[in-house]
Amino acid sequence: MAESAACPAFQLGRPRYDQSSFLGRLKHFVEIIDPSTLFVSERRLTECIKLLDEFKHGTLPPGVSDLQLWEAQKVKQAIIHPDTGEKIFMPFRMSGYVPFGTPIVVGLLLPNQTVVSTIFWQWLNQSHNACVNYSNRNATKPTPTSTFLQGYFGAVTSAVSLAVGLNVLIQKANKLSPATRMIIQRLIPFPAVASANICNVGLMRHNELSDGVDVLDENGNILGSSKIAAKHAIMETAFTRVVLPMPIFVLPPIIMSYLEKLPLLKTNRRLLLPIHSLVCLATFSLSLPLAISLFPQMSQIEVSQLEPEIAMATDCKVVTYNKGL
């Protein structure tokens, strides 16, 4: 019985863990961002896809456990885009977000930034975010290249403008002590990145507000496209994108300002960068699954809140829509 509770019966295309609870969503997203899937071989991927196809067509060999099927689905979902069926480029997979994004976070949080370095790191961060967003997008409806470029340039412009503007203001604040100025300068990336993330989500997905997103009944049937559900989806995603960088860009500067006072680091300045990198990696690894677990990817909304034509098309009281990541 314990084994059955730990490993539920396999359901193709369904999450392994209960998505109605925060803990269940956290377990689900920890698996999705597991960086070990970056090292899966082509042979292993082919085996996983074959196993899932055999399950789908009822030709599964005897002796295959539910755990093996869950692992196979985890590997496929980490590498293959669910809509296009194509492999996602490794640096832009959700499982590669922390390992490939941590060096950028370290660069954003380096002390004594110049205007040029600030522009470079903010540009690199938003370029990486844009590519991750595009690679993991909902591809059931075509996204025009112009929409992607609009979101990209909007995010870069907002991030660079705010970061450079705040840096200039801090440099002109003569009343601040050098130590206070250093801490504030290290905290500047957070408002810059948070505002750029909101801009990115809004611009990249603004077409959903005019076209709506598909809402599904309890059997997975599409009832129609809802602009109200699209608004909820974008607001939930934008909120997640504000929460995500908060610990990443706030905790390391505070922790490092304390660690730099320790005798070990005062006498061994070469250790600052590797320790700073480890602190950034730890906070990034913790904050990503916590932030994206705030809302289920397949969110629900009461039919009474939706457009009348959709409400009249079903007897369901609650429908589901894909919020996106």
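Axes here are lines fitted to C-alpha atoms, for helices over the stretch in contact, with angles running from 0 to 180 degrees between N-to-C directions. The model is a predicted one, and its helix pairs can be read with two values in hand: two packed helices are described by the angle between their axes and the distance between the axes.

Start with helix 2 (residues 22-32) and helix 14 (residues 272-292), which pack at an angle of about 125° with axes 8 Å apart. That angle makes helix 2 oblique to helix 14. The crossing of these two helices is right-handed. On the helix 2 side, the residues that do the touching are Phe22, Leu26, Phe29 and Val30, and they meet Pro289, Leu290 and Ile292 of helix 14. Sorted by class, this contact comes out at 7 nonpolar residues, with no polar and no charged ones.

Now for the domains. The chain splits into domain 1 (22-80) and domain 2 (94-322). Taken over C-alpha atoms, the centres of domain 1 and domain 2 lie 28 Å apart. Across the boundary, 12 residues of domain 1 are in contact with 14 residues of domain 2. Between them the two domains bury about 1,100 Å², and 73% of that area is on carbon and sulfur atoms. On the domain 1 side, Arg25, Phe29 and Ile33 supply 51% of the area buried against domain 2, more than any other three residues. Phe29 turns up again here, having already been listed among the helix 2 residues that meet helix 14.

Further along the chain, helix 12 (residues 245-259) packs with helix 11 (residues 227-243) at an angle of about 15°, the axes being 4 Å apart. Angles under 35 degrees count as roughly parallel, and helix 11 and helix 12 are therefore roughly parallel to each other. Helix 11 brings Arg241, Val242 and Val243 to this contact, while helix 12 brings Pro245, Met246 and Pro247. By class that gives 5 nonpolar residues, no polar ones and 1 charged.

Helix 12 also packs with helix 8 (residues 178-187): the two axes come within 9 Å and cross at roughly 155°. This makes helix 8 roughly antiparallel to helix 12. As with the helix 2 and helix 14 pair, helix 8 passes helix 12 in a right-handed crossing. From helix 8, Ile183, Arg186 and Leu187 make the contact, meeting Phe249, Val250, Pro253, Met256 and Ser257 of helix 12. The tally for this contact is 6 nonpolar, 1 polar and 1 charged.

How values were computed:
Residues numbered from 1 in each chain as written. Predicted model: local features only at pLDDT ≥ 70, side-chain atom pairs only at ≥ 80, totals over all residues. Heavy atoms only, no water. Parallel < 35°, antiparallel > 145°, perpendicular 65-115°, else oblique. Left-handed = near helix turned anticlockwise from the far one by under 90°. Contact = heavy atoms within 4.5 Å. Nonpolar A, V, L, I, M, F, W, Y, C, P; charged D, E, K, R; others polar. Domains from an automatic or database assignment. Buried area = accessible area lost by both parts, 1.4 Å probe.
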